[in-house]
Amino acid sequence: MKNKSLFIAIAILSLIFIFVDKFIITLEYGWLEIILFVICIILLIFSIIKLFQLSKFSKSVKIILEIVTILIVIWFSLLSIDYKRHINLYSPLFSIGYKVVEDYDMNIENGRVNTIKSTFYLFGIKINEVYVVVDYY
């Protein structure tokens, strides 16, 4: 039972780190962030596999649950990467369940873009709006 609580704690801490790093802290931190993100994903997948191995399900059910949860973790990781790239005004890498609608306000006289509005949707639900104002002085 002690091992099971350890794996649950590792899984929860990994999920919290991923969520905070990719959805709340919107600045990019380069290689340090990527290394910590990959370590957390590996720890999360390892913890999930160990938790299912310690469970009392049949072998076939364990394998199916492991595959499904690993796919969900990978999907969540890809989604978090896309969200952080769009918040930092890059194009998405994967676009899995995630959509961004961009709107431009252009000056007719000189053809320059003054305002860019990006609206972020997750499964059709609006989650954020980012405005970028460009000054040409």
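## Ser47, tucked away in α2

Ser47 is buried, and its relative accessible area comes out at 0%. In this predicted model, Ser47 sits in helix α2, which runs over residues 31-54. What does Ser47 touch once its neighbours within four places in sequence are set aside? The contacts are Phe7, Ile10 and Ala11.

## Tyr83 and the far end of α3

Helix α3 covers residues 59-87, and its length checks out nicely. With 29 residues at 1.5 Å a residue, α3 should span 42 Å, and its end C-alpha atoms are indeed 42 Å apart, so the two figures agree. Just after α3 comes Leu89, which takes a positive phi of about 65°.

Tyr83 is a residue of α3. Is Tyr83 buried or exposed? At a relative accessible area of 9%, Tyr83 falls under the 20% cut-off, so Tyr83 counts as buried. Leaving out residues up to four places away in sequence, Tyr83 touches Lys22, Phe23, Tyr98, Ile127 and Asn128. Tyr104, on the other hand, is a fair way off: Tyr83 and Tyr104 are 21 residues apart in sequence, and their C-alpha atoms are 20 Å apart in space.

## Overall layout

Now for the whole chain. The protein chain has three helices and three strands, and along the sequence they follow the pattern α-α-α-β-β-β. The radius of gyration is 20 Å, well over the 14 Å that the globule rule gives for 137 residues, so the protein chain is more spread out than a compact globule. As for dimensions, the C-alpha trace spans about 70 × 30 × 20 Å along its principal axes.

Contacts can also be sorted by how far apart the partners sit in sequence. Taking contacts between residues at least 6 apart, 39% of them join residues at least 24 apart.

## Burial, surface and charge

How much of the protein chain is buried? Of the 137 residues, 28% are, and Ser47 and Tyr83 are among them. The protein chain exposes about 9400 Å², with carbon and sulfur atoms supplying 69% of that area.

On the charge side, the protein chain carries 13 positive and 11 negative side chains. Where do the two sets sit relative to each other? Their centres lie 20 Å apart.

Terms used. Residues are numbered from 1 along each chain as its sequence is written. This is a predicted model: local features need pLDDT of at least 70, side-chain atom pairs count only at pLDDT 80 or more; totals for chains, interfaces and linings use all residues. Side-chain values use heavy atoms; hydrogens and water are left out. Helices (H or I, at least four residues) and strands (E, at least two) are DSSP runs, numbered from the N terminus. The radius of gyration is taken over C-alpha atoms; the globule rule is 2.2 Å times the number of residues to the power 0.38. Buried means under 20% relative accessible area, exposed over 50%, partly exposed in between (1.4 Å probe, protein chains only). Contact means heavy atoms within 4.5 Å. Accessible areas come from the Shrake-Rupley method with a 1.4 Å probe; for residues, only the protein chains shown count as cover. Lys and Arg count as positive and Asp and Glu as negative; His and the chain ends are not counted. The place of a charge is taken as NZ of Lys, CZ of Arg, CG of Asp or CD of Glu. The expected span of a helix is 1.5 Å times one less than its number of residues.
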